[in-house]
Amino acid sequence: MRDLIDVLVFGIVAGTIYALIALSVVMTYRGSRVINLALVEVGTGGLFVSWWLWEKAHVPYVIACGLGVAAGVTVGVLFERLVVARMADAERLAVSVATVGVSLAVFGIENIASGQSPRSLRPPVHGIAFRIDGAPVLGTQVFSLAVAVTLALLLTNALRRSDFGLAVLAAAQDPDAVRLVGAPLWRVSAFTWGAGCGLAVIAMILSESTVATFVPGFGGRIFVLGLIGAVVGGLGDLRGAVVGGLAVGLAEAAVNQWVSPHVDVGGVSTVTVGGVLLAVLLLRPQGLLTRAAR
Amino acid sequence: MSAPLLEVSGVTAGFGPTTVLHGVELTVAEGTIAGVFGLNGAGKSVLMKVVAGLVPARSGVLRLDGRDITRSSAEARVRAGMAHVPQGRQVFRELTVAENLRLGGYALRRRDREAASSALAEVYERFPLLAQRRSQIAGTMSGGQQAALSVARALVGRPRLICVDEPSAGLAPSVAQELLASLSALRGSGVTMLLVEQNLAFGLRLADTATLLQTGAVMHSGPVADLDPDLLASLLGVGRLVSGQVAKALGRG
Amino acid sequence: MNHRQVPRSLVFGIALVLAVGLPVALGHTAALRDEGHAGDLCRAGILAIAGLSLNLLAGYAGQISLGQMSLVGLGAFVGGTVITPLKGDLPFGVGLVVAAATGALVALVLGIPALRLRGLYLAVVTIAFAFVTDEFILGLHVFGGSAGVPVPRPYFGHTALLHNADLAAIVLATLVVVLALDVNVTRSKVGRAFQAVRADEDVAAAFGVDPARWKLIAFSLSGAVAGVAGLLSATVTSTAEHQDYDYTASLNLVVIVVVGGLGSRIGVVTSTAFFAILPHALGRFFSADDALQWSFMIGALLLVVTMALNPRGLAGAGRDSYDEWRARRDPAFTSIIQTLPDLPAVREVRPRVPVGRDGTLLRVRDVSVRFGGLQAVDAASFAVRHNTICALVGPNGAGKSTLFSVVSGLRRPDAGTVIFAGRDITGLPPARRAALGIGRTFQLIGLAKDLSVRENLLLAQHTLLNYSTLEAMLHAGRAPAIERRARERAADAIATLRFERYADTPVKRLSHGQQRIVEIACALVTGPELVMLDEPAAGMSPAAREVLAERLRSIRDELGRTVLVIEHDIPLVLDIADTMVVMDAGRVLTGGAPDEVVAYPEVVEAYLGRGYEQALAG
């Protein structure tokens, strides 16, 4: 019983972060059918900005975090305007490869500015929220889950409330058709890139508050698992992204709890999650939740 | 005859090394339905994309209501009064009927909220079925209903000009019939329409004027009533097979 | 073709001697005596080999991998473990073979998902592969955890090669071998098959290239080269350490290959040299660590700029501007085809297919195809007699092109059979059908558009080139002679088309009409028994159409072939067809002699559009 509770708590805590990353992957994907491979590094860059403002410039925590998110959004929008917009006719994979450059560039800037010494930002919420059967659940963890769920609901429902939001949802199906109803496609695309990067910063701020320290490139594993969550949920499905991210977190926690101690090889949970990814891609490429194939 | 609403003069366009349109001339008078006909590869759909602003014209001028729109973006042209019924009844499948129609009114609502809501009410009146199903996801509707929705989505922006791209292509015959019915119903309501079509029966039934394209150039252009059936038949590659039928379709059999 | 070219083996031999001789000589005299510089040379050479391995996969076969360094790493760890005195203690040469085999095997397994996944999804799998491999290497005790595996220096006779300059000789020799392999691959059916798969898998299959098989070959070949790079790398650093081969390292490799130019070996090697020198050049301004970081950043920005300007990298940009310059200078490049050139004669390059006693070459029986809710083809049946022209007509969306795909094997029918020359081919993959003698064109041009006219004509002969992949890679055995004959046929076809000036121009630079002609020539160059043409006259001028009619007749009368053609131009069809099959809404309405068929009222209705009578009434 205690085992199960541990798995659930660890799984949901990690899964929440994966879900946020999955959400940011899907957000960008919907606007331009591109996987932004720089998301987590841009997220980490935003985290660095927040940390610097808070630690060095003594800006209040909430404002520092807000500015970090704003920095991420700016990078996303700039990249869309300067690069993605010029690649309207290029293969989608080529645009994804271009994001690799952004990832490496942000990584380089972080390294030059800060080096590999670990930094830490204070958690958004202090202390233990409650205990389940003795297992402590941190306030931050509860807060992260609340943020992820709220953002997912906000993105799926609030977008439907405005004309612009509808254009964002419609763009996933056919960008040209969006232009033909007179909606500004470029703004839709810029929005999805900005929102994706902003979400990634939020994810990294929350993940840092559970792992306590960060260095440039610390989010690689988080990105892969979030990306897998996005694919498992069906790339392009916002709700599916949250479910996929949580599923990946739970699978990882379950393997760590019940399998890894009995196997004399490292990385079992990553291998398992990778296996899940392959199985989903080969058997249900449209994702677990999406009803029909396109 | 009033001044043309759409004027395409000397338009040349293509992709990469290929030039598809060679100096195309076309005018659409206010309140009329202009048909553009031709075989596959004649350049019909490229012409439609040039008019829509999805493919740039290499040379030549496009005017909408006297205004030069050659360099305008597709969005700006919609704001200036164009609407589109894209090929293959492309509605937004993941969105509801009401959401599809809201997107159709995107440009108008920014200009005039009240006009947008009264246009929506009119469209619902014209298509009572859509009014009943406004919260249904568009992708779950039948082909004919989606076709009606794609026409309704174009109308809801109160356009000056509706561009209809190959309405019959890729549709089951019964669906094409329903689409034809939706479009025919617009006749006489003062709507101006540019129609690109390969299916003669479909096109000739709707159009007031016909422009015949062959390998990217205009071979003939004039009122449907004055069309020479033999010319039409030979240009469309149906030859002696159907020239008699074409004459009938033109009402001169 | 220039037949007085220096033999490939001679160039290769000289390069090999230089690759070994120069570092050894310099290492004992001048600049390379500095262990640091010689080490840098080694690293650059290894990076070039790794880059070439990625280029084989991503540049030629179009399968992008964001985890290529993991394959290099596996080569380093497995190869290193095999030769380290503490564990395997085997000779260096055996280690190289083991490293290559490891890389090939793992890449082969990684390639299996690529059989079903394309583009972004495959990229996601390779990212996951990079992370899984990294944790796997770290977690395996035999690989020493984070300490890694110590790797000894190789021996030459009884002398250990302690100097980096001597290692550089080994590295550069390997680089030369890999480059030679690369040249042989690209100038044989292997490279053309890779590029066809990259261009369009359906088109590849129609040319007889089995996409699954060639993808797996590309993966394993790339993996083998990556594995070799791995063991060399671990030998130079003396230890195999996992962080040298992680996801970030893979991304940096992508930068090198993409900036240099996917698909260009010269681009890759040049780009590697640039990125090897860059940190040294920056070292004047920054500390060594920062200089490295700055060079990564410059690479990253170059990657972004490259992708935005020309996704085929510096080499691609160079090629494009050359082609554009040529096209601007020569108006023939963009002209509309007013008249058709002669089509290449069909040479008897393979035994004729025996036709059954009833003279039927192709029989389609009760074929049905559903797309989602749409019945695209509905129990269609018809037969084509040997040595006739059969026209498939009907309005857009009638199911004609779908039926073509069923015959050529690109689409499995939900029901029904396809019989070719008395043999049921319903279950055969498209590549096998091409080999049996079914050639086809596509409604949208079915060519590998990045390849030149000549290369497309060679690609079209894929099924005739019965030399092995190994012979191709070594440019030995049957390969040179067979390849030469194929080149002669291609050159003949180009001469007949009078396309000499475009022979080495990428097909995408030609006008639509020119591309169509090249496509038809490709369909004819192997002398297929059944030539299937999907709207060959689309976009052609009336004059060109008349010539096309003549050409189609000569395929039947002079070459004795059978033609199945989809065509909208009814006068053309009436002119040339022996039989006519009319389709509407997925069904075959009728078939028979054109003059009789035309009399059917259903046919007229299908052509004018259903409901034309209501139209008349209204």
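Which residue of β8(B) is the bridge partner of Gly35(B)? The tour reaches that pair shortly, after some notes on the model.

**Before selecting anything**

This is a predicted model, in which local features need pLDDT of at least 70 and side-chain atom pairs count only at pLDDT 80 or more, while totals for chains, interfaces and linings use all residues. Residues are numbered from 1 along each chain as its sequence is written, and chains are lettered from A and ligands numbered from 1 in the order in which they are written. The predictor assigns the complex an ipTM of 0.91 and a pTM of 0.88. Helices (H or I, at least four residues) and strands (E, at least two) are DSSP runs, numbered from the N terminus.

**Stop 1: the sheet of chain B**

Select β6, β7, β8, β3, β9 and β10 of chain B: in that order, these six strands form an open sheet with mixed pairing. Two strands count as paired if DSSP finds at least two bridges between them. At the edges are β6 (82-85) and β10 (217-223) of chain B, each of which pairs on one side only. From one strand to the next, the twist averages 15°; axes are lines fitted to C-alpha atoms, for helices over the stretch in contact, and angles run from 0 to 180 degrees between N-to-C directions.

Add helix α7 (residues 143-155) of chain B, which packs on the sheet and touches β6 and β7 (161-165) of chain B. The direction of this helix makes about 175° with that of β6(B). Contact here requires the C-beta atoms of two residues, placed from the backbone, to lie within 7 Å.

**Stop 2: strand β8 of chain B**

Now isolate β8 (residues 192-197) of chain B, which runs parallel to β3 (residues 33-37) of chain B and is joined to it by five bridges. Here the opening question is settled: Gly35(B) has Leu195(B) as its bridge partner. Further along, Phe37(B) is opposite Glu197(B). β8(B) also pairs with β7(B), in the parallel sense and over five bridges; in that pairing, Cys163(B) stands opposite Leu194(B).

Show the side chains of β8(B). Thr192(B), Leu194(B) and Val196(B) point one way, and Met193(B), Leu195(B) and Glu197(B) the other. Six of the six residues of β8(B) are buried, a term that requires 20 or more other C-beta atoms within 10 Å of a residue's own (exposed: 12 or fewer; partly exposed: in between), with C-beta atoms placed from the backbone.

**Stop 3: helices of chain A**

Move to helix α8 (residues 185-211) of chain A. Its 27 residues reach 39 Å from first C-alpha to last, close to the 39 Å expected at 1.5 Å a residue; the expected span is 1.5 Å times one less than the number of residues. Of the 27 residues of α8(A), 23 are buried. Just past the helix, Ala212(A) has a positive phi of about 85°.

Next, select Gly275(A) in helix α11 (residues 268-283) of chain A. Gly275(A) counts as partly exposed because it has 13 C-beta neighbours inside 10 Å. A distance from Gly275(A) to Ala183(A), C-alpha to C-alpha, gives 41 Å for a sequence separation of 92 residues.

**Stop 4: where chain A touches chain B**

Across this interface, 16 residues of chain A are in contact with 22 residues of chain B. On the chain A side, α6 (163-171) and α7 (175-180) are the elements that give two or more residues, and α6(A) gives the most, with five. By class, that side has nine nonpolar, two polar and five charged residues. Ala, Val, Leu, Ile, Met, Phe, Trp, Tyr, Cys and Pro count as nonpolar, Asp, Glu, Lys and Arg as charged, and the others, Gly among them, as polar.

**Stop 5: where chain C touches chain A**

Here 38 residues of chain C are in contact with 40 residues of chain A. On the chain C side, α5 (119-139), α10 (247-260) and α12 each supply at least two residues; α5(C) gives the most, with 14. The residues of that side divide into 29 nonpolar, six polar and three charged.

Select Pro311(C), in the loop between α12 (288-309) and α13 (313-329) of chain C. Pro311(C) is buried because 20 other C-beta atoms lie within 10 Å. Leaving aside residues up to four places away in sequence, Pro311(C) touches Ala90(A), Glu91(A) and Ala94(A).

**Last stop: confidence in chain C**

Colour chain C by pLDDT, the predictor's confidence in each residue from 0 to 100. The mean for chain C is 86, and 93% of its residues reach 70 or more. Over residues 610-618 of chain C, pLDDT stays under 50, and the model has 14 contacts beyond four places in sequence for this stretch.
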